[in-house]
There are 2 protein chains.
Amino acid sequence: MTIHEVAARAGVSPATVSRFLRGQSVRSPEAIRAAVDELGYWPSAAAQSLKSGRTHTIGVVVPDITNPYFAAVVKGMESVTRTENYRILLANSDESSEREDHVLADMARRVDGVILAPATERDQTPLKLRDSKVPLVFIDRDLMEGDEFDAVLVDNVDGARQAVEHLLGLGHTRIAAINGPPDTTPGRRRREGFLAALTARGVGIAPEHDLIGDFRESSGYQLTLSLLSLPEPPTAIFTANNLMTLGALKALHDMRVDVPGRISLIGFDDLDTGPLLRPPLTVIDRPMVEQGVLAMRLLLRRLDPQYVDDIPRRIVLGVKLIDRASTAPPKGQHVPPPRARKARPA
Amino acid sequence: MTIHEVAARAGVSPATVSRFLRGQSVRSPEAIRAAVDELGYWPSAAAQSLKSGRTHTIGVVVPDITNPYFAAVVKGMESVTRTENYRILLANSDESSEREDHVLADMARRVDGVILAPATERDQTPLKLRDSKVPLVFIDRDLMEGDEFDAVLVDNVDGARQAVEHLLGLGHTRIAAINGPPDTTPGRRRREGFLAALTARGVGIAPEHDLIGDFRESSGYQLTLSLLSLPEPPTAIFTANNLMTLGALKALHDMRVDVPGRISLIGFDDLDTGPLLRPPLTVIDRPMVEQGVLAMRLLLRRLDPQYVDDIPRRIVLGVKLIDRASTAPPKGQHVPPPRARKARPA
């Protein structure tokens, strides 16, 4: 269906139909109206976008939509877009900066703004978006020097601290961490919080207990196997995201390690199935849907000419520990009493 | 950045820039080229779409992106779009026909095609899409009479049959089903398969054991509580999707019912956490990512003029039972021996 067919039906020129559709006065509006109705002609969104300079579409880029955390964040975003007459162009970066680059360059020409949960902190692509004047809001990325972007984060350092305090309170001193990539804000900051909390309490960490994963389930699985193969395995493991927690739990099940009898497990981010797992997981929980809602509200606000040059906003949401059943006092025979261990600052 | 800024920089009219960008000959192309490069002006996707009549965007509408099944399906779709230079406009219908209607009418003007996992079978919106000549592929909807759409489904009847055969094989005769809405293909067909398999083996089902949920976790929870409150509760429950299975398991935990000691549970659709649950879930599994891949391939094929009028394709994928630990022979004292029960066709 094109404007030419409508014009032919109405017996006028395409230019006249175009003027009619733009609300301008034309000679025979009734005939054109009838032709539009009969043919069911809608001016295409592309034509309307071209006129308004707005697409009413928001690009959303997340590392992995099958991670339940990101699915919940996107659901929160959509609860805002649906009432504000925007829509969401969704892409996964698969935790790859290269893929993210490609997606953002493509989106820059199709959307009014972008919400990005970046693959790494080092990424230069946001600067490209800035050059294109496409507003951007970060999920889970700290403001970097020179940044001009809004961001919604959670208190990663405090979450890791809560996990460590919980384990220390149970009597653990040999605590391992399966961290995320150090070039991501959650990877870097959760590890900082973990090490700082141990140091603050004078508890050391063996280098072989301070591991770096990639936030995928498989790395949680593999790194847990490597911890179990150590001469002195830890009595507790802190995993820095939900998928690595599942990987760790699978490895512990496969190796028939009693949780929490032999090893305690605490993870960052809750899961819908958290209470139903064997054992029910003790986790650091954050407001996931709310993070998406706030990010979308920040972005839509930024699209208002009144706020376009406003200073960047950074919203940091609190997190809280949910104490279920995957952590308990240490029972392994390798554990010396806490006072016998020499603290070694990390 | 607009065409007006480029024109001012190049010292020509906006109309001249526009002609240049359309590849038409103009008087001073070098000056315009330089202005475009210096200002980093990209013709908007909207302008390009208007020219080509294509948006290279596919609309995807699912009932709930936080359902891990749909997240996996969308991931499968994206694995195709990324290599084919398409992108995905995503929307949730929240299992609401009204919301779905609204979303599809909006999408029809912005996308080259739509993949829809519909809220109900009765929906008339697809006909609207057909009138707009927007190709459509269904996920999880049977071909209805007069349909002209491609579809990718799984064998719902066979999946329910496998679940029933498994429970009968363990010795259960008092089996309840928490079905999905009867106006959806998975809701209707899984119930048909369930009832047919019982009837084929001469086993009856009490009306109060044949329940209808809404595919959400809360209905799995509530309906399980109602089953537990019956004078003669079932010894086994079949739940027709993943979220209702989780709801059922939560209710059984909350009521401290031993699974599978007191009640066996088998659900349609596996979960990533399925093996880690208490107890590990016995499920009917289907190829989720593959369903998304095939749906997107069908749609992109339909965009090829060569296939635009091809007869509708209907792909039905097989499903298989994964036998974990949530089902076992019945032990409850209410269970009479099978031969003592009179079969009652459903």
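In this predicted model, Asp210(B) counts as buried, at 19% relative accessibility, the cut-off for that label being under 20%. Its salt-bridge partner is Arg191(B), with N and O 2.5 Å apart. Asp210(B) belongs to strand S7 (residues 210-212) of chain B and Arg191(B) to helix H9 (residues 185-200) of that chain, so the pair ties together parts that are 19 residues apart in sequence. Unlike Asp210(B), which is buried, Arg191(B) is partly exposed, at 29%.

Chain A has a pairing of its own to look at. Here Arg188(A) forms a salt bridge with Glu121(A), and the closest N and O atoms are 2.9 Å apart. This one links distant parts of the chain: Arg188(A) sits in helix H9 (residues 185-200), Glu121(A) in the loop between strand S3 (113-116) and helix H7 (125-131), and their positions lie 67 residues apart in the count. Arg188(A) is partly exposed at 25% relative accessibility, while Glu121(A) is buried at 11%. Neither residue stops at a single pair: salt bridges that share partners join Glu121(A), Asp142(A), Arg188(A), Arg189(A), Glu192(A) and Arg314(A) into one network. Over all chains, the count comes to 50 salt bridges.

Some of these pairs cross from one chain to the other. Side chains of opposite charge can pair when their charged atoms come close. Between chain A and chain B there are 10 salt bridges. One of them brings Asp94(A) and Arg82(B) together at 2.7 Å, N to O. Asp94(A) lies in the loop between S2 and H6 of chain A and Arg82(B) in helix H5 (residues 68-84) of chain B, so the pair joins two chains. Both ends come out as partly exposed, with 26% for Asp94(A) and 26% for Arg82(B). Another salt bridge has Lys75(B) meeting Asp64(A) at 3.1 Å, N to O.

What does the rest of this contact look like? The size of an interface is often given as the accessible area lost when the parts come together. Chain A and chain B bury about 4,400 Å² between them, with 56% of it on carbon and sulfur atoms. Each chain puts in 46 residues. Polar contacts between the chains involve 21 residue pairs, both residues being at pLDDT 80 or more. On the chain A side, helices H4 (45-52), H5 (68-81), H6 (97-107) and H11 (242-254), along with strand S2 (87-92), each supply at least two of the residues that touch chain B. By class, that side has 22 nonpolar, 10 polar and 14 charged residues.

Back in chain A, helix H1 (residues 3-10) keeps Val6(A), Ala7(A) and Ala10(A) buried. Seen down the helix axis, the buried residues fall within an arc of 100 degrees, so they line one face of H1(A). His4(A) and Ala8(A), on the other side, are exposed. Just after the helix, Gly11(A) takes a positive phi of about 70 degrees.

The backbone of chain B has a few oddities too. Most residues other than glycine have a negative phi, and most peptide bonds are trans. Glu95(B), in the loop between strand S2 (87-92) and helix H6 (97-107), has a positive phi near 55 degrees. Asp269(B) also has a positive phi, about 85 degrees, and is found in the loop between S9 and S10. Glu95(B) is partly exposed at 26%; Asp269(B) is buried at 4%. As for cis peptide bonds, one joins Val259(B) and Pro260(B), with omega about 10 degrees, and another joins Arg278(B) and Pro279(B), with omega about -10 degrees.

Conventions:
Residues are numbered from 1 along each chain as its sequence is written. Chains are lettered from A and ligands numbered from 1 in the order in which they are written. Side-chain values use heavy atoms; hydrogens and water are left out. Buried means under 20% relative accessible area, exposed over 50%, partly exposed in between (1.4 Å probe, protein chains only). Helices (H or I, at least four residues) and strands (E, at least two) are DSSP runs, numbered from the N terminus. The arc is that of the directions from the helix axis to the C-beta atoms. Contact means heavy atoms within 4.5 Å. Buried area is the accessible area (1.4 Å probe) that two parts lose on being put together, summed over both. A salt bridge is a side-chain nitrogen of Lys or Arg within 4 Å of a carboxyl oxygen of Asp or Glu. A polar contact is a pair of N or O atoms within 3.5 Å; within protein, one must be able to donate a hydrogen and the other to accept it, and residues adjacent in sequence count only if both atoms are side-chain atoms. Ala, Val, Leu, Ile, Met, Phe, Trp, Tyr, Cys and Pro count as nonpolar, Asp, Glu, Lys and Arg as charged, and the others, Gly among them, as polar.
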